[in-house]
Amino acid sequence: MVFRILTGFLILCAFSLAAAELLSFLRIPFPAPLLGMMALFACMRLKLVPVGLVEEACKFILSNMVVLFVPILVGVMAYGDMLREKGLQIFCAVFLSLLLTLLCSGFAAERFVRVKKESPSNAEAEDGH
């Protein structure tokens, strides 16, 4: 069990480090962990990397996610004075931006669905042509 977790963790780290090196070499401003996960996903879809190799490590990481966020919480606590002074303003800004994002996404999704239903190729498919 421990060996499988370590193996999976090493594979996750290898993809992340390889992505970081590639992005550094190409001088592309893109998050290396995201590129690493995209590459890992592609390799798993192509069956180059079996899912079972990283599955136990992913379960372990997800089950210990709270511990991984402790540094973030400590960082937030360092700004306690600012949060006391401007916490309501920060909360309102975050809430309003979230609400605006949700509304825009919803309207865009409805628009795409409406356009797809009205497209001529969709009408032909329904007629059986």
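This report covers the fold, the charges and two unusual backbone angles of a predicted model.

## Overall architecture

The protein is helical. It has seven helices and zero strands. From the N terminus on, the order of elements is α-α-α-α-α-α-α. Among these helices are α1, residues 2-26, and α2, residues 32-45. Helix α3 covers residues 51-63, and helix α6 runs over residues 80-118.

Of the contacts with a separation of 6 or more, 53% join residues 24 or more positions apart.

## Dimensions and surface

The radius of gyration is 22 Å, whereas a compact globule of 129 residues would have one near 14 Å. The C-alpha trace spans about 60 × 50 × 35 Å along its principal axes. One pair gives a sense of scale. Lysine 116 and leucine 10 are 106 residues apart in sequence, and their C-alpha atoms are 44 Å apart in space. Lysine 116 is found in helix α6. The relative accessible area of lysine 116 is 60%, so this residue counts as exposed.

Of the 129 residues, 12% count as buried. The accessible surface comes to about 10800 Å². Carbon and sulfur atoms hold 73% of that surface.

## Charges and salt bridges

The protein carries 11 positive and 10 negative charges. The mean positions of the two sets are 5 Å apart. Side chains of opposite charge can pair when their charged atoms come close. The structure holds two salt bridges.

One salt bridge joins lysine 59 and glutamate 55, with the closest N and O atoms 3.9 Å apart. The cut-off is 4 Å. Both residues lie in helix α3, four residues apart, about one turn of the helix. Lysine 59 is partly exposed, at 48% relative accessibility. Glutamate 55 is also partly exposed, with a relative accessible area of 37%.

The other salt bridge links aspartate 81 and arginine 84, at 2.6 Å from N to O. Both of these residues lie in helix α6. They are three residues apart, again about one turn of the helix. Aspartate 81 and arginine 84 are both exposed.

## A buried glutamate without a partner

Glutamate 56 also lies in helix α3. This residue is buried yet has no salt bridge. Which side chain of opposite charge is nearest to glutamate 56? It is that of lysine 59, 4.2 Å away. A salt bridge requires a nitrogen and a carboxyl oxygen within 4 Å, so this pair does not count as one. Lysine 59 does form a salt bridge with glutamate 55.

Beyond residues up to four places away in sequence, glutamate 56 touches Met1, Arg4 and Ile5.

## Positive phi angles

Most residues other than glycine have a negative phi. Arginine 27 has a positive one, near 55°. Arginine 27 sits in the loop between α1 and α2. With a relative accessible area of 73%, arginine 27 is exposed.

Lysine 47 has a positive phi too, near 65°. Its place is in the loop between α2 and α3. Are the surroundings of lysine 47 such that the residue is buried or exposed? Lysine 47 is exposed, with a relative accessible area of 72%.

How values were computed: Residues are numbered from 1 along each chain as its sequence is written. This is a predicted model: local features need pLDDT of at least 70, side-chain atom pairs count only at pLDDT 80 or more; totals for chains, interfaces and linings use all residues. Side-chain values use heavy atoms; hydrogens and water are left out. Helices (H or I, at least four residues) and strands (E, at least two) are DSSP runs, numbered from the N terminus. Buried means under 20% relative accessible area, exposed over 50%, partly exposed in between (1.4 Å probe, protein chains only). Lys and Arg count as positive and Asp and Glu as negative; His and the chain ends are not counted. Contact means heavy atoms within 4.5 Å. The radius of gyration is taken over C-alpha atoms; the globule rule is 2.2 Å times the number of residues to the power 0.38. Accessible areas come from the Shrake-Rupley method with a 1.4 Å probe; for residues, only the protein chains shown count as cover. The place of a charge is taken as NZ of Lys, CZ of Arg, CG of Asp or CD of Glu.
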